[in-house]
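Please open the model in your viewer and keep the selection tool at hand. The stops below name what to select next and what is there.

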Amino acid sequence: MYKKPSQDIEPDPVRAQAIRRLHLKRGLQVHALTYMMANVIQVVVWFAYTRDQFFWPLWSILGWGPGLVFHAWAVYSGAGIDEARIAREVERIKGSPGH
């Protein structure tokens, strides 16, 4: 599994992959919690002050929601950077004009 150069060297590649996936999942959890809290606060403000007007928190919910969905897809789709992808990209770069 590909590791960023700034990361510590982990002798066990399976453990390194597990750590990476846990970091990705934690990032998604933080994103989801932030999404929920921000939108709940907006709905409370809307309800307290402007409930007789258009439900304006909808713009935040619908605008931010797809970003959260894509973040979840990126974490759980399994389409990470692995050695096979790196090798294909290196070959693509070597075969391109100007290299």
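A residue is called buried when its relative accessible area is under 20%, exposed when that area is over 50%, and partly exposed in between, with a 1.4 Å probe and protein chains only. With the whole chain selected, 12% of its 99 residues count as buried.

Before going further, note that this is a predicted model, in which local features need pLDDT of at least 70 and side-chain atom pairs count only at pLDDT 80 or more, whereas totals for chains, interfaces and linings use all residues. Residues are numbered from 1 along each chain as its sequence is written, and side-chain values use heavy atoms, with hydrogens and water left out.

**The whole chain**

Switch to a cartoon view, where the chain shows three helices and zero strands, in the order α-α-α from the N terminus on; helices (H or I, at least four residues) and strands (E, at least two) are DSSP runs, numbered from the N terminus. If you count contacts, meaning heavy atoms within 4.5 Å, then among those in the chain with a separation of 6 or more, 56% come from residues 24 or more positions apart.

**The aromatic pairs**

Next, show the aromatic side chains, among which the structure holds four aromatic pairs. Begin with Trp46 and Phe55, whose ring centres are 4.8 Å apart and whose planes stand at 90°, so the pair is edge-to-face. Rings of Phe, Tyr and Trp (its six-membered ring) pair if their centres lie within 6.5 Å, and planes under 30 degrees apart count as stacked, over 60 as edge-to-face and the rest as tilted. In this pair Trp46 is buried, at a relative accessible area of 14%, whereas Phe55 is partly exposed, at 27%.

Now select Phe54 and Trp59, where the centres are 5.9 Å apart and the planes lie at 35°, so this pair is tilted. Phe54 counts as partly exposed at 48% relative accessibility, while Trp59 counts as exposed at 59%.

Return to Trp46 and add Phe47 to the selection, since ring pairs link Trp46, Phe47 and Phe55 into a cluster. Add Arg51 as well, which lies over the face of Phe47 at 4.4 Å from the ring centre; a charge sits over a ring if NZ of Lys or CZ of Arg is within 6 Å of the ring centre and within 35 degrees of the ring normal.

**Helix H2**

Which residues does Ser60 touch, not counting residues up to four places away in sequence? Select Ser60 in helix H2, which covers residues 57-76, and you will find that Ser60 touches Tyr35, Asn39, Gln42 and Gly65. Ser60 counts as buried at 18% relative accessibility, and a polar contact of 3.2 Å joins the side chains of Ser60 and Gln42.

Elsewhere in helix H2 you can select Val69, which is exposed, with a relative accessible area of 55%. The C-alpha atoms of Val69 and Ala32 are separated by 9.4 Å, although the two residues are 37 residues apart along the chain.For the contact between Ser60 and Gln42, a polar contact is a pair of N or O atoms within 3.5 Å; within protein, one must be able to donate a hydrogen and the other to accept it, and residues adjacent in sequence count only if both atoms are side-chain atoms.

**Helix H3**

Finish with Glu89 and Arg92, whose side chains meet in a salt bridge at 2.7 Å, N to O, where a salt bridge is a side-chain nitrogen of Lys or Arg within 4 Å of a carboxyl oxygen of Asp or Glu. Glu89 and Arg92 are three residues apart in helix H3 (residues 83-95), so about one helical turn separates them. Glu89 is partly exposed at 37% relative accessibility, and Arg92 is exposed at 53%.
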